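Trainee: I would like to practise justifying the labels we put on a structure. Could we go through one together?

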Amino acid sequence: DSFLLQLAGFNLIDIYLSMADQRSDTIPVITSLKDFKLQQVLSVNPKQKSMSVCGHWPEEDPTTRAIIVAEKQPITEKTIDSLFSKSAHLKQNFQNDIYGQFEASSCSLGELKLTTIFPATEKHILKYMEQSQYLLRETPEDYELITRPFIQAEAMSLQWVYNILEGRSESDRVVHRDPDLSNGFILVPDLKWDSSDLDNLYLIAIVMRKDLQSLRDVTSDHLPLLKNIILKGKEAVKAMYGIHGNQLRFYIHYQPSFYHLHVHITNIKYESASVLIGRSHLLDDIIDNIERIDEHYYQKRVMNFVLKESDGLLKEFVQKKS
């Protein structure tokens with residue numbers, strides 16, 4: 001049936017079975033899912049690649065139900081090889097400067113979303129490498145003496161950002177465009193989102209102005225910009241995807257992954273390290289801190305953030321603070 005066909009799409013799955021509302025002293029022996037009768041889909045978690053359903057077997061009382069949790073197996077060094085075989089097929093979604101996005105299918109991995117970076121610099125390689133992380137405390141003085149000079153000297157190219165702002169790339173992916181040079185922004189899907197699964201909705205609002213690198217630059221002068229992103233961002237998401245504003249999370253990373261001010265907009269169902277304390281600052285909180293506490297709040301406060309072991313900024317802090 002359709003349920004079993006759906007499960008077949010889970011490339012080798014782990015299935016955990018538990019009997020709900022068990023009224024018998026004997027636990028039935030489960031040998032096959034062939035005759036399983038689906039009653040209800042309990043939940044779908046695209047982030048964890050899992051689905052939970054409830055149902056029963058025809059030979060059992062319908063009130064003696066079973067819960068099945070189906071999870072995709074993680075990609076490993078052994079299974080990734082099938083992606084680089086002749087049987088794998090690629091379909092390009094877009095290309096912007098060195099960044100590309102593809103849909104891929106292979107015999108053992110099923111359908112995948114691929115992001116490509118080519119040519120990749122050493123900074124790109126280190127960014128994606130698994131490594132230890134450390135929590136840093138940055139005073140306003142540290143920012144001026146360590147962080148700002150590092151950003152000016154070492155930040156990665158922003159050409160791909162300017163391509164989006166100037167309409168040279170990804171114009172077909174733009175969700176909303178406000179061209180105002182002071183308070184405008186462009187809203188596009190993040191590379192991490194497949195643009196279809198709304199529970200994992202992930203958009204980036206990139207500001208039009210080029211004089212704001214990070215949260216440290218934001219003052220009361222920029223409140224109209226921030227409020228405009230919230231207002232028009234909610235309207236655009238509701239119009240395009242049908243998701244209400246109170247189901248969205250607006251936040252800014254510090255340190256950001258690239259130094260041109262941008263706001264992350266995700267479904268509140270989206271689960272990721274990108275929303276954790278130590279990196280994310282809710283946009284409503286940013287506005288409130290500037291309005292109620294100090295118009296230069298983010299130039300005066302101590303900022304705490306997490307950096308990877310190989311991050312050049314971490315090395316600068318260790319060298320100049322030791």
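Mentor: What follows is a set of questions about a predicted model, each answered by setting a value against its criterion.

Trainee: Happy to start broadly. How many helices and strands does the protein have, and what share of the residues is buried?

Mentor: The protein has eight helices and 15 strands. Of its 322 residues, 42% are buried. The accessible surface is about 18,000 Å², with 52% of that belonging to carbon and sulfur atoms.

Trainee: Now to the salt bridges. What makes the pair E138 and R216 a salt bridge?

Mentor: The N to O distance between their side chains is 2.9 Å. The criterion asks for a Lys or Arg side-chain nitrogen within 4 Å of a carboxyl oxygen of Asp or Glu, so an arginine and a glutamate at that distance qualify. This is one of 15 salt bridges in the structure.

Trainee: Why do we say that the pair E138 and R216 ties together parts of the chain?

Mentor: Look at where the two residues sit: E138 is in strand 8 (residues 133-138), while R216 is in the loop between strand 11 (202-207) and helix 5 (223-241). Those parts are 78 residues apart in sequence, so the pair ties them together.

Trainee: Are E138 and R216 buried or exposed, and how do you know?

Mentor: Buried means under 20% relative accessible area. E138 has 0%, so E138 is buried. R216 has 3%, so R216 is buried as well.

Trainee: Then why is E291 called partly exposed, and what about its salt-bridge partner K227?

Mentor: Partly exposed covers the range between the 20% limit for buried and the 50% limit for exposed. E291 has a relative accessible area of 44%, so E291 belongs in that range. K227, at 40%, is therefore partly exposed too.

Trainee: How do you know that E291 and K227 form a salt bridge, and which elements does the pair join?

Mentor: Their closest N and O atoms are 2.6 Å apart, so the pair meets the requirement of being within 4 Å. E291 lies in helix 6 (residues 283-292) and K227 in helix 5, so parts 64 residues apart in sequence are tied together.

Trainee: What makes E166, R168 and K210 a network?

Mentor: Salt bridges that share partners join these three residues. One of the bridges is between K210 and E166, with an N to O distance of 3.3 Å. K210 is in the loop between strand 11 and helix 5, and E166 is in the loop between helix 4 (159-165) and strand 9 (176-178), 44 residues away.

Trainee: Let us turn to the sheet. What is the strand order in the open sheet of six strands, and which strands are at the edges?

Mentor: The order is 9-10-11-13-12-14, with antiparallel pairing. Strand 9 and strand 14 (280-282) are the edge strands because each pairs on one side only. From one strand to the next, the twist averages 30°.

Trainee: How do you know that strand 11 and strand 13 pair?

Mentor: Pairing takes at least two bridges, and five join strand 11 to strand 13 (residues 262-267), so the two strands pair. They run antiparallel. Within this pairing, A205 has V263 in strand 13 as its bridge partner.

Trainee: Which strands does helix 5 touch as it packs on the sheet?

Mentor: Helix 5 touches strand 9, strand 10 (185-189), strand 11, strand 12 (248-253) and strand 13. Its direction makes about 40° with that of strand 10. Helix 6 also packs on the sheet, touching strand 12, strand 13 and strand 14, and its direction makes about 65° with that of strand 14.

Trainee: One last topic, the backbone. What makes D97 and S195 worth pointing out?

Mentor: D97 has a positive phi, near 55°, in a residue other than glycine. D97 sits in the loop between strand 5 (89-96) and strand 6 (99-106). S195 is not a glycine either, and its phi is positive at about 65°. S195 is found in the loop between strand 10 and strand 11.

Trainee: And where are there cis peptide bonds?

Mentor: One joins F118 and P119, with omega about 0°. Another joins Y254 and Q255, again with omega about 0°. P119 lies in the loop between strand 7 (110-117) and helix 2 (122-128), and Q255 in the loop between strand 12 and strand 13.

Technical notes: Residues numbered from 1 in each chain as written. Predicted model: local features only at pLDDT ≥ 70, side-chain atom pairs only at ≥ 80, totals over all residues. Heavy atoms only, no water. Helix = DSSP H or I, 4+ residues; strand = E, 2+ residues; numbered from the N terminus. Buried < 20%, exposed > 50% of the residue type's maximum accessible area, 1.4 Å probe, protein only. Axes fitted to C-alpha atoms, helices over the stretch in contact; angles between N-to-C directions. Contact = heavy atoms within 4.5 Å. Areas by Shrake-Rupley, 256 points an atom, 1.4 Å probe, with all protein chains shown as cover.
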